[in-house]
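Reader: I am new to this structure and would like a close look at a single part of it. Could you take one helix and describe with care what surrounds it?

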Amino acid sequence: MKMRIGSRNKVGYLIGEAKKTPLEDPSYPIWVTENYKVKSWLIDSMDLLLMQRIIRLSTGKKIWEAVAKTFYDESDETCLFELNKKSFSTTHNGRPLSTYYNELVAIFQEIDHRMTSQEEIVEGVVQLHSAMARL
């Protein structure tokens, strides 16, 4: 979602850089319209139950933070566990070999992406080792 919203030059509405302007400011209607756009893009990407929980939040930033709090625990361990599990449960199952291969490559690329960002510092290596030990 961040990429989709960023491609429309509206990330500031997610991270709080696009501050709400005062009501009397001539640019207030523009801020409101842009905020509604970002909110609608976020809400359109959600399932009904999640959408019902957060639709009344007033800004794109508040929605972004609520979703992050709901689904991201500030570590990739849960995601890495799921990806690892998926890599072992994915089977050829009569599909073309290229399809099966591409699915596995995508899984391993995602694992690599989530793990390499922490490898640059000593603490990251320790975290990586701990995470791999738990998998």
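Author: A residue is called buried here when its relative accessible area is under 20%, and by that rule both Tyr13 and Trp31 are buried. The model is a predicted one, and the part to look at is helix H3, which runs over residues 28–44. Helix H3 has 17 residues and reaches 24 Å from its first C-alpha to its last, close to the 24 Å expected at 1.5 Å a residue.

Along H3 the buried residues are Tyr28, Trp31, Val32, Glu34, Asn35, Val38, Lys39, Trp41, Leu42 and Ile43, and what covers them includes helices H1 (2–6), H2 (12–15), H4 (48–54) and H5 (60–71).

Two of these buried residues have ring arrangements to examine. The count of aromatic pairs comes to one: Tyr13 and Trp31 form a tilted pair, 6.3 Å centre to centre with 40 degrees between the planes. This pair links distant parts of the chain, since Tyr13 belongs to helix H2 and Trp31 to helix H3, 18 residues apart. At Trp41, the charged end of Arg8 sits over the ring, 4.7 Å from its centre.

The helix also takes part in the largest nonpolar core, which has 15 residues and in which Ile5, Leu14, Val38, Leu42, Met46 and Ile63 have the most contacts. The elements giving two or more residues to this core are H2, H3 and H4, and H3 gives the most, with seven residues. Leaving aside neighbours within four places in sequence, Ile63 is in contact with Lys39, Leu42 and Ile43, as well as with Met46, Ile54 and Leu57.

Methods
Residues are numbered from 1 along each chain as its sequence is written. This is a predicted model: local features need pLDDT of at least 70, side-chain atom pairs count only at pLDDT 80 or more; totals for chains, interfaces and linings use all residues. Side-chain values use heavy atoms; hydrogens and water are left out. Helices (H or I, at least four residues) and strands (E, at least two) are DSSP runs, numbered from the N terminus. The expected span of a helix is 1.5 Å times one less than its number of residues. Buried means under 20% relative accessible area, exposed over 50%, partly exposed in between (1.4 Å probe, protein chains only). Contact means heavy atoms within 4.5 Å. Rings of Phe, Tyr and Trp (its six-membered ring) pair if their centres lie within 6.5 Å; planes under 30 degrees apart count as stacked, over 60 as edge-to-face and the rest as tilted. A charge sits over a ring if NZ of Lys or CZ of Arg is within 6 Å of the ring centre and within 35 degrees of the ring normal. A nonpolar core is a set of buried Ala, Val, Leu, Ile, Met, Phe, Trp, Tyr and Cys residues joined through side-chain atoms within 4.5 Å.
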